[in-house]
Amino acid sequence: MNTPPAPAGAPPTDGEPVRIGALAPLTPPGWTEAGHHLLAGIEVAVRDVNDAGGIVGRPLEVVVRDTAADPQRAAAAVEELARLGVAAVVGEYHSVVARTAAVRADALGLPFLCSSAVLDALTDGPTPWVARLAPPQSRGWRSYADFLLGAGHRRVAVAAVPSVYWTSGTRILRDHLAPRGGDVVALDASTLAPTDLCDALVDHGASALLLLVGHPEPAVSIVRAVRRDQRLAGLLMGAPAGQPEFASWAASLGDDGAGIPFLRYLPERLGPFGARVAAALHERLAEPPSFVAFEGYDTVTVLAEVLRSHGQDRARIAEAWPRVEVEGTRGPIRFGRTPGIGVWQGEGAPVQVVDRDPAEPARFRIRHTG
C-alpha cells in the first residue's frame with residue numbers, strides 16, 4: 001500500500017528537523033523479532049507524520065539505538081540521546097531494559113514514552129517524565145488469570161527462569177488465583193531439564209503450564225517435551241508474554257506451537273485508520289504486523305501530537321502527558337495515574353487472550369477479552 005498523500009494545505013517539511021530517540025532490541029540476546037516490529041511501527045509513523053506536514057512544517061527525525069536487551073546499554077543510549085538534544089525518547093520492548101531506561105530518563109529530565117514494556121514498577125516512584133502506552137502487567141496478567149479460571153484451571157504450574165519480569169508475573173497470577181480457589185506451583189526452568197519438568201507436572205497434578213521463559217530456548221524444548229508426554233495429553237500450555245504472536249514461534253514449533261494462549265493488545269476488529277496502518281506495516285515487514293508494531297506506530301502518533309501542541313521543550317512535553325488525547329490505531333489514547341504505578345499510564349488499551357488455531361496455525365483465535 002502506498003502512503004496517502006499529505007492532506008490538502010499541509011505545510012512542506014523543511015528546515016531543522018525535530019529529533020526524537022528510539023530504543024529497540026535489534027540484535028541478540030534481545031528478542032530481535034519484536035524489536036524489528038516495534039521499529040517498523042515507529043518508522044512508518046514517522047513517515048506518515050512527515051507526509052502530513054511534519055511538526056508544524058518541520059520534519060520529524062528518529063535516532064535509533066539498539067539495546068540488545070541489555071539494561072546498561074539502554075542506560076548509555078538514553079544518556080547519549082540526551083546529549084544529542086532529542087526532544088524525547090520512545091520505544092523498548094523488554095521490561096527490565098525499559099525500567100533501566102525509564103529510571104535514567106527520569107534522572108536526566110528527558111521525556112520517555114515507553115511503547116511495549118509492561119512491568120508495573122517501571123520507575124522507583126512517581127515521575128512526571130515517563131509515560132507508557134502498553135497496559136501494565138498487572139492488568140494483562142489478571143485478565144489471563146481470569147481466562148484460566150473460566151476454562152476450569154485451578155492447579156496452575158509456571159516454568160520460569162530468574163527475572164524480575166517473570167517473578168512479577170508469577171506473583172500477579174498467584175494473588176489473583178488464590179482468592180478464587182486457584183493455586184500456582186513454580187518450577188525452575190533454569191535447573192529442570194524438560195523431561196524432569198514433565199515429571200514435576202505429573203507429580204503436582206497441574207492442569208495448565210505457563211511458559212515464563214525465553215524463546216526459542218528453553219521454550220521450544222519444553223513445548224516439544226510436553227507434547228510428546230502421553231501423561232500430559234490434557235495439559236494446557238500458555239505463554240502470557242506473547243511469544244506465539246511472532247512467525248518465528250510457528251517456524252520453530254509448527255503444529256506443536258498451536259493452541260498455546262498468549263496475551264496481545266489488539267481490538268477484535270480494527271477501524272479504518274488501524275486497517276490502513278496495518279496494510280502499511282504488512283508491506284514494511286513482509287508479514288502480518290504484531291501488536292508490537294501497532295504500539296510502535298501509536299507511540300509516535302502520541303508524541304507527534306504533543307510536539308505539535310506543546311513544542312520541543314522537555315519540561316513542557318512532560319507536562320503534556322495528562323492532557324494529550326489522540327486517536328490511535330486501536331482506539332483513543334489518553335493517559336492517567338494508576339494506583340501503584342509511578343508513570344503516566346495509557347488507558348483503555350484492548351487486552352485479548354489469543355492462540356493459534358490447531359486446525360490452521362496461521363490463524364489466531366480470540367479466547368478471552370479483558
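Arg132 sits across from Gln345 of strand 13, in a predicted model. That pairing belongs to strand 5 (residues 130–132) and strand 13 (residues 344–347), which run parallel and are held together over 2 bridges. Gln345 in strand 13 also stands opposite Gly336. Here the link is between strand 12 (residues 331–336) and strand 13, an antiparallel pair joined by 3 bridges.

Zooming out, these strands belong to an open sheet of 8 strands, ordered 2-1-3-4-5-13-12-11, with mixed pairing. Strand 2 (60–66) and strand 11 (325–328) are the edges; each has a single partner strand, so one side of each goes without a neighbour in the sheet. On average, neighbouring strands of this sheet are turned by 25° against each other, ignoring direction. As background, side chains in a regular strand alternate between the two faces of the sheet.

Two helices that lie across strands of this sheet deserve a look. Helix 3 (95–108) lies across strand 1 (18–24), strand 4 (112–114) and strand 5, and runs at about 160° to strand 4. Helix 10 (291–310) lies across strand 1, strand 2, strand 3 (89–91), strand 4, strand 11 and strand 12. Its direction is at about 145° to that of strand 11.

Then there is an open sheet of 3 strands, in the order 10-14-15, with antiparallel pairing. Strand 10 (262–264) and strand 15 (360–369) take the edge positions, each pairing on one side only. Neighbouring strands in this sheet are turned by 45° against each other on average, again with direction ignored. Helix 4 (residues 137–150) packs on the sheet and touches strand 10, strand 14 and strand 15, its direction making about 95° with that of strand 15.

The pairings inside this sheet go as follows. Strand 10 meets strand 14 (residues 352–357) in the antiparallel sense over 3 bridges, and Leu263 has Val353 of strand 14 as its bridge partner. On the other side of the pairing scheme, strand 14 and strand 15 are antiparallel and joined by 6 bridges. One of the matched positions puts Asp355 with Arg365 in strand 15. Strand 14 and strand 15 make a hairpin, with 2 residues between them.

Now for the pockets. The largest pocket comes out at about 590 Å³. It is lined by 30 residues, and the ones closest to its centre are Trp31, Tyr93, His94, Tyr165 and Trp166. By residue class, the lining splits into 19 nonpolar, 9 polar and 2 charged. Helix 3, helix 5 (164–177) and helix 10 each put at least two residues into the lining of this pocket. Helix 3 gives the most, with 3 residues. Helix 3 and helix 10 thus turn up again: helix 3 lies across strand 1, strand 4 and strand 5, and helix 10 lies across strands including strand 11 and strand 12.

The second largest pocket holds about 420 Å³ of space. Its lining counts 21 residues, with Glu245, Arg264, Pro288, Pro289 and Phe364 nearest the centre. The split here is 13 nonpolar, 2 polar and 6 charged. Helix 9 (272–285) and strand 15 each contribute at least two lining residues, and strand 15 gives the most, with 3 residues. Strand 15 is also an edge strand of the sheet ordered 10-14-15.

A word on confidence. The protein chain averages a pLDDT of 95, and 96% of the residues score at least 70. Residues 1–10 are another story: pLDDT stays under 50 over this stretch, for which the model has 16 contacts beyond four places in sequence.

Key: Residues numbered from 1 in each chain as written. Predicted model: local features only at pLDDT ≥ 70, side-chain atom pairs only at ≥ 80, totals over all residues. Heavy atoms only, no water. Pairing = 2+ DSSP bridges. Helix = DSSP H or I, 4+ residues; strand = E, 2+ residues; numbered from the N terminus. Axes fitted to C-alpha atoms, helices over the stretch in contact; angles between N-to-C directions. Contact = heavy atoms within 4.5 Å. 1 Å grid on protein atoms, 1.4 Å probe; cavity = no way out; pocket = protein on both sides within 12 Å on 5 of 7 lines; lining within 4 Å. Points joined across faces, edges and corners; volume = space filled by probe spheres on them. Nonpolar A, V, L, I, M, F, W, Y, C, P; charged D, E, K, R; others polar. pLDDT = per-residue confidence, 0-100.
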